[in-house]
Amino acid sequence: MNIRFRFIFIMLLLAGAGTYMAFHRDLEVPPGRPFEEFPASHAGWRMIGQANLSKNIVKVLMPTDYLSRRYAREDGSTVDMYLSFFDGGPDSGRIHSPKHCLPGGGWTELSSRHVTLDLGREAVNLVQAVYAMGNNREVIYYWFSMRGKTMSDELSLKLAEITGSMFHRRRDQSFMRISVQGDGAQEEAERRIEGFLRDFYPVIRDFLPN
Amino acid sequence: MELLKNQKNLIIWVVFLAVAAGVVYWPIVVPMVRQWAADDNYSHGFLVPFIAGYLVYMRRDDLLKAEVKPAESGMGLILFGLAMLLFGWLGTEYFTMRASLVVIIAGSVLYILGWKIFGILLAPLAYLLLMIPIPYIIYDAAAFPLKLFVTKVSVLALKAMGIVIWQEGNILMFPSITLEVADACSGLRSIMSLLALGTAYAFVLHSSVRDRVVLIASTLPIAVFTNCLRVIATGVLAQYFGAAAAEGFFHEFAGFFVFFAAVVMFVALGAALKRWS
């Protein structure tokens, strides 16, 4: 094969890749429902606080929508939830894993395991972790979800992004974190988080796209 | 036998190919160049293509005398590069997309000109990879342990100097103020600059394989060591002169000074290696 032909062949391949990239656009998928409609009270839980992320953090994360709330039960026990959604369009950011963010904030990971939690109709893949800073302990459950599938590791998330964009033109994703602060009573914290999830999981699903 | 210097119209085809690659890679390369301009830690990116060009120029005699013998295996490398480009693009992984350009160039050299010339150009081509900011995942995975390490060593040193200090993760607490060991202080960023410049230095001024390996490998410990010095100096300043001293002018100045100190240590190591050989 002569050299000129080789040049032309490579240019054709490049043109093919360039054409695909020029015409492939991911869809902007709206959330199932606007996050502001997320119930302030549900199944015996009542919202007792809501926080906003600082401007700088929003600029880095670029979420389409997010909720950072604290819920309390009658007996006074509280749970923090953080839910963020990225619509997958050109202006949306993507999930930053707590595995990287928390140690940066001075938290040390004491334990972390991947578990599958059975929540009635659905089983959710999540990370169950304990982080510490000084004398503070925080029990944290978190997961990533894309197109109704829950994942607990960063590599699966990356693969789901690639296949989602390739086959469905969808890169929309959401991140859920439930945590309980405390100084040790881990089993109680886990029970509380799991109770919250049983009550709220169907609601959360309702607010995410399918 | 076809020699490279007899391939007169090759240059026209190289220009065509460069234009085609330029069009496809425009949206990928432009943000990278912007990042070089915006981020001090990657400003060496502007130098890298020129240094790579100089490394090619150094071997011009070998190149012109080399035999042109196209190798089909180059197509494998090109296809691999295209797959990197498309998957990286679908998964918005910038490093993969950007690195694919270097892989495709390397593949084209092999596919069109063959193994001999590929071998001659391998070092300059690999050098081009240093202009690409490293991927998030690797950066995060490496920066945090490095940051904790730098913090730990600095805390030990500060305690040994009799300074009261409390450490939590990458946060240093003094009775008067709290300091955070930021990404920039972990040494990872200066490792990238030092690696790029050090590799150029090693290839241009040293010819023995041993010297080159030692010099390139030394960039990591030198960068980490000088960053420990930086954190310790900041801590001492914070202790005796207050937070303003640690956060203001000195912090900016320290960044420069630390890099300068690293370069001095590196050049001294190079000189020592020359003497011992």
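Which residues lie nearest the centre of the second largest pocket? The analysis concerns a predicted model, in which local features need pLDDT (the predictor's confidence in each residue, from 0 to 100) of at least 70, side-chain atom pairs count only at pLDDT 80 or more, and totals for chains, interfaces and linings use all residues. Residues are numbered from 1 along each chain as its sequence is written, chains are lettered from A and ligands numbered from 1 in the order in which they are written, and side-chain values use heavy atoms, with hydrogens and water left out. The predictor assigns the complex an ipTM of 0.80 and a pTM of 0.80. For chain B the average pLDDT is 86, and 94% of its residues score at least 70.

The residues nearest the centre of the second largest pocket are B:Val14, B:Ala18, B:Ile105, B:Val109 and B:Leu121, out of 35 that line it. On a 1 Å grid over the protein atoms alone, a pocket is an open set of points with protein on both sides within 12 Å along at least five of seven lines, whereas a cavity is a set where a 1.4 Å probe fits but cannot get out; lining residues have an atom within 4 Å of a point. The volume of this pocket is about 1000 Å³. Nine of its lining residues, the largest share, come from helix 1 of chain B. By class, the lining comprises 29 nonpolar, three polar and three charged residues.

The largest nonpolar core, a set of buried (under 20% relative accessible area, 1.4 Å probe, protein chains only) Ala, Val, Leu, Ile, Met, Phe, Trp, Tyr and Cys residues joined through side-chain atoms within 4.5 Å, contains 56 residues. Those touching the most other members include A:Phe7, A:Leu14 and B:Tyr25. Helix 5 of chain B gives the most to this core, with twelve residues. Neighbours within four places in sequence aside, B:Tyr25 is in contact (heavy atoms within 4.5 Å) with A:Leu14, B:Leu85, B:Met97, B:Ser100, B:Leu101 and B:Ile104. Another core, of 31 residues, lies apart from the largest one and has A:Val115, A:Ile178, A:Val180 and A:Phe200 among its members.

One cavity of 30 Å³ or more is found in a search of the whole structure. The largest cavity holds about 80 Å³ of space. Among its 13 lining residues, A:Ser145, A:Gly148, A:Ser174, A:Leu208 and A:Pro209 are the closest to its centre. This lining divides into five nonpolar, four polar and four charged residues.

Notes
Grid points are joined across faces, edges and corners, and a volume is the space filled by probe spheres set on the points. Helices (H or I, at least four residues) and strands (E, at least two) are DSSP runs, numbered from the N terminus. Ala, Val, Leu, Ile, Met, Phe, Trp, Tyr, Cys and Pro count as nonpolar, Asp, Glu, Lys and Arg as charged, and the others, Gly among them, as polar. Buried means under 20% relative accessible area, exposed over 50%, partly exposed in between (1.4 Å probe, protein chains only).
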